[in-house]
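Grab a pencil and work through these exercises with the structure open beside you. Try each task yourself before you read its solution.

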Amino acid sequence: GHVRKGKIIIVYTGRLHRPGSSAVTSFENFYIDQFRIEGEHTVKNITAPGSNFRVFTRQTVNGKITNTEKGTWCTWNVFHTIKQVEGNGTPFFPRDDVFSITGAKKVECSNGKTRTAEIVEPLIRQFGCAWIVKGTVKLTLNGTVGILDFGDGTCDKTATITVNGQTRTISLR
């Protein structure tokens, strides 16, 4: 039920499991319905030679979605480092893989709203769990600061959000 037009271009320099390889995604006049998609997304394997654990960077530069009917837009820039911290000794059993994610994101929209997300304590993602199990993110929306806490490492779909000293438990989707 959606109309897509234009090109999504992905350039691979090699297989992503090999250190030094990358995949760069860009858009050429690409639309989904009335939304124009722009920017560049790069995933790069920066694993050190001889290392037993994989490390990747994920970056979006000048990402932008424009609603061409309303003239509104949002831009974003993201930089994350993803490090494997457990499970590399069992390459044919990925369910024991655990990854640590660090970095930040900034979003600015035509309505004047700005959002940032800075990972304060590394986010821990277990391959066998649908949710982030640990870590904290400092969220800022137009000067209001909140702390999103994913918990103690238990695989569950709950987290807490604290804003202005008020803490609530939320359910993750």
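**Exercise 1. A salt bridge and its cover**

Is Arg36 buried, partly exposed or exposed, going by its relative accessible area?

Solution. Keep in mind that you're looking at a predicted model.
- Step 1: get the value, which is a relative accessible area of 26% for Arg36.
- Step 2: recall the cut-offs, with buried meaning under 20% and exposed meaning over 50%.
- Step 3: Arg36 falls in between, so it is partly exposed.
- Step 4: look for its partner. Arg36 makes a salt bridge with Glu38, and the closest N and O atoms are 4.0 Å apart.
- Step 5: check the partner too. Glu38 has 28% relative accessibility, so it also counts as partly exposed.

**Exercise 2. The overall layout**

Work out what the chain is built from and how much of it is buried.

Solution.
- Step 1: count the elements. You'll find zero helices and 11 strands.
- Step 2: walk along from the N terminus, and each element you meet is a β strand.
- Step 3: look at the dimensions. The C-alpha trace spans about 50 × 50 × 30 Å along its principal axes.
- Step 4: turn to burial. Of the 173 residues, 27% count as buried.
- Step 5: check the surface. The chain exposes about 11,000 Å², and carbon and sulfur atoms supply 53% of that.
- Step 6: consider contacts with a separation of 6 or more. Residues 24 or more positions apart account for 32% of them.

**Exercise 3. Charges and bridges**

How many salt bridges does the count come to, and which parts of the chain do two of the pairs link?

Solution.
- Step 1: start with the charges. There are 23 positive and 14 negative ones, and their mean positions are 4 Å apart.
- Step 2: count the bridges, which come to four.
- Step 3: take one of them, between the side chains of Lys7 and Glu28, at 3.8 Å from N to O. Lys7 sits in strand S1 and Glu28 in strand S2, so this pair ties together parts that are 21 residues apart in sequence.
- Step 4: check the cover on this pair. Lys7 is partly exposed at 48% relative accessibility, and Glu28 is partly exposed at 39%.
- Step 5: now try Arg54 and Asp97, whose closest N and O atoms are 3.4 Å apart in their salt bridge. This pair links distant parts of the chain: Arg54 is in the loop between S3 and S4, Asp97 is in the loop between S5 and S6, and the two are 43 residues apart.
- Step 6: compare their cover. Arg54 is partly exposed at 27% relative accessibility, whereas Asp97 is buried at 7%.

**Exercise 4. Positive phi angles**

Look up Asp33 and Asn62, and say what their backbones do and where they sit.

Solution.
- Step 1: read phi for Asp33. The angle is positive, about 55°, although Asp33 is not a glycine.
- Step 2: do it again for Asn62, which has a positive phi of about 55° and is not a glycine either.
- Step 3: place them. Asp33 is in the loop between strand S2 and S3, while Asn62 lies in strand S4.
- Step 4: add the accessibility. Asp33 has 30%, so it is partly exposed. Asn62 has 53%, so it counts as exposed.

**Exercise 5. Following Asn67 and Ile46**

Which residues is Asn67 in contact with, leaving aside its neighbours within four places in sequence? Then do the same for Ile46.

Solution.
- Step 1: locate Asn67, which is in strand S4 (residues 55-67).
- Step 2: check its burial. Its relative accessibility is 7%, so Asn67 counts as buried.
- Step 3: list its contacts with those neighbours left out: Gln34, Phe35 and Thr72.
- Step 4: move to Ile46, in the loop between S3 and S4. Its 40% relative accessibility makes it partly exposed.
- Step 5: leave out the neighbours within four places again, and Ile46 is in contact with Val55, Phe56 and Thr57.
- Step 6: compare that with Thr154, which is 108 residues from Ile46 along the chain. Their C-alpha atoms are separated by 29 Å.

**Exercise 6. A nonpolar patch**

Which residues make the nonpolar surface patch of about 310 Å²?

Solution.
- Step 1: the patch is made by Ile8, Ile10 and Tyr12.
- Step 2: zoom in on Ile10, which is in strand S1 (residues 4-12).
- Step 3: check its cover. Ile10 has 41% relative accessibility, so it counts as partly exposed.

Definitions and conventions
Residues numbered from 1 in each chain as written. Predicted model: local features only at pLDDT ≥ 70, side-chain atom pairs only at ≥ 80, totals over all residues. Heavy atoms only, no water. Helix = DSSP H or I, 4+ residues; strand = E, 2+ residues; numbered from the N terminus. Buried < 20%, exposed > 50% of the residue type's maximum accessible area, 1.4 Å probe, protein only. Contact = heavy atoms within 4.5 Å. Areas by Shrake-Rupley, 256 points an atom, 1.4 Å probe, with all protein chains shown as cover. Lys, Arg positive; Asp, Glu negative; His and termini not counted. Charge placed at Lys NZ, Arg CZ, Asp CG, Glu CD. Patch = residues over 30% accessible without salt bridge, like charges linked within 9 Å, V, L, I, M, F, W, Y side chains within 5 Å.
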